Amino acid sequence: MKFLEEVRTRLVDRTIDGTTHQVPEPYTVRTPKLPMDKDRAALLGVSGLVLALTLVAIIWSTHSIGTLLGGGVGYAAGVVFDVAWLAVLLLEWMARFDPAKRGFPRKVGWGLALVAAGAIYLEGQLAGGWQMALVGAAVSIVAKVLWWAVFKHIDKDLAPGDAAWVAAEMSKANAKLAIAGARRQAAKAEVAARLELLAAERDLNELAGLDHFAADRNVIKAEQVREHDHASGLPEPALNRANTVREQVEQGPNIAHLARVELKSGASREEAVEAILAKVPAAKQTSVEATVRRERNKLDRTSYR
């Protein structure tokens, strides 16, 4: 028996000046060399030879069918005939554990190979007679027969009980895939629904802001009326309060109105705040800043719509 020397790495403790750390240390291990799998090598060799012959068949059929179709683009169409049944071989190999699935691509492959052989036979009849047509058509048939022999060798036939067990396992795996797909679609639908709700709430908030802005405009008109009354010299009606004797109530300036006036005139937020504080020194700066910011947002939403 032959052995191979393999270098591996392990962690070992190493102490220097009283401090210990684990450091990697290489070491050599002798492992037995597995004997060559002659069956696998033979199968690879046969598959390589069949693939080479298949390429020859594809080139031959492409030339023959392309000539039949007039050359040019006809050569590209000729590739379809042999490549089609060659592609079906992959489906047959993927279904090697399932005889039910394996049978359908095998039948389709034989049908496609016969179609390619028929086209080559027709081209041979037109070019040189039935002898040339028969030999040319046999090229694709021989390639298909060789592949059929290879797949008969690698087919994995199972006993009825084992086949039923594999089918049950595949059914369980397919059920998991189906459930995952359904949950993914449900999650996407839920995300879309939540986005729709968020959009609707945003629109409602904007509408509420517009309603509030309309109410503020009504207040502005009332203040304008009172300012006009002051300008006309008419006295402001006094209000009675509890425990007071006709105490005059003074109406303070409307900060929101001043903010809208400043912002509509083109002033920035900082300039509007400074102008309002200059007119109303008793107002709090933080309250004025909040009012200016709110009115700026209302004006922006109105202009956006």
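This is a selection-by-selection tour of a predicted model.

**Whole chain**

Start with the full chain coloured by secondary structure. It holds 8 helices and 2 strands. Followed along the sequence, the elements come in the order β-β-α-α-α-α-α-α-α-α. Of the 305 residues, 23% are buried.

**Strands S1 and S2**

Select residues 3–16 and 19–32, which are strand S1 and strand S2, and then the loop between them, where Asp 17 is found. Asp 17 has a phi near 55°, a positive value in a residue other than glycine. Is Asp 17 buried or exposed? Asp 17 is exposed, because its relative accessible area is 80% and the exposed class begins over 50%.

**Helix H2**

Move on to helix H2, residues 73–94, and pick Gly 74 within it. The relative accessibility of Gly 74 is 7%, so this residue counts as buried. Add Ser 64 to the selection: this residue is 10 residues from Gly 74 along the chain, and the two C-alpha atoms are separated by 9.8 Å.

Further along, select Phe 81, which also belongs to helix H2. With a relative accessible area of 25%, Phe 81 is partly exposed. Now draw a distance from the C-alpha of Phe 81 to the C-alpha of Ala 119; the value is 8.7 Å, for a pair 38 residues apart in sequence.

For the next stop, show the side chains of Leu 91, Trp 93 and Met 94. These residues form a nonpolar patch on the surface, and together they have about 350 Å² of accessible area. Leu 91 is a residue of helix H2.

**From helix H2 to helix H3**

Keep helix H2 on screen and select Glu 92 and Arg 106. The two form a salt bridge, with 2.6 Å between the closest N and O atoms. Glu 92 is in helix H2 and Arg 106 is in helix H3 (residues 99–127), so this pair ties together parts that are 14 residues apart in sequence. Are the two partners buried or exposed? Both Arg 106 and Glu 92 are buried.

**Salt bridges in and after helix H5**

In total, 9 salt bridges are counted in the model. Select helix H5, residues 160–232, and find Glu 169 and Lys 172 in it; being 3 residues apart, they are separated by about one helical turn. Lys 172 and Glu 169 form a salt bridge whose closest N and O atoms are 3.5 Å apart. Lys 172 is partly exposed at a relative accessible area of 44%, and Glu 169 is partly exposed at 33%.

Next select Arg 202 and Asp 203. Their side chains meet in a salt bridge, at 4.0 Å from N to O. Asp 203 counts as partly exposed, with 34% relative accessibility. Then select Arg 260, Glu 295 and Lys 298, which are joined into one network by salt bridges that share partners.

**The largest nonpolar core**

Where is the largest nonpolar core? Select Ile 255, Leu 258, Ala 259, Leu 263, Ala 272, Val 273, Ile 276, Val 280, Val 288, Val 292 and Leu 299; these 11 residues make up the core. Helix H6 (255–264), H7 and helix H8 (285–304) are the elements that give two or more residues to this core. H6 provides the largest share, with 4 residues. As background, nonpolar side chains tend to be buried together in soluble globular proteins.

**The negative patch**

Stay with helix H7 and change the selection to Glu 270, Glu 271, Glu 274 and Glu 289. These residues form a negative patch on the surface. Which element gives the most to the negative patch? Helix H7 (residues 269–279) does, with 3 residues. End the tour on Glu 270, which is found in helix H7. Glu 270 counts as exposed because its relative accessibility is 55%, where the exposed class requires over 50%.

Note on methods: Residues numbered from 1 in each chain as written. Predicted model: local features only at pLDDT ≥ 70, side-chain atom pairs only at ≥ 80, totals over all residues. Heavy atoms only, no water. Patch = residues over 30% accessible without salt bridge, like charges linked within 9 Å, V, L, I, M, F, W, Y side chains within 5 Å. Areas by Shrake-Rupley, 256 points an atom, 1.4 Å probe, with all protein chains shown as cover. Lys, Arg positive; Asp, Glu negative; His and termini not counted. Charge placed at Lys NZ, Arg CZ, Asp CG, Glu CD. Buried < 20%, exposed > 50% of the residue type's maximum accessible area, 1.4 Å probe, protein only. Core = buried A, V, L, I, M, F, W, Y, C linked by side-chain atoms within 4.5 Å.
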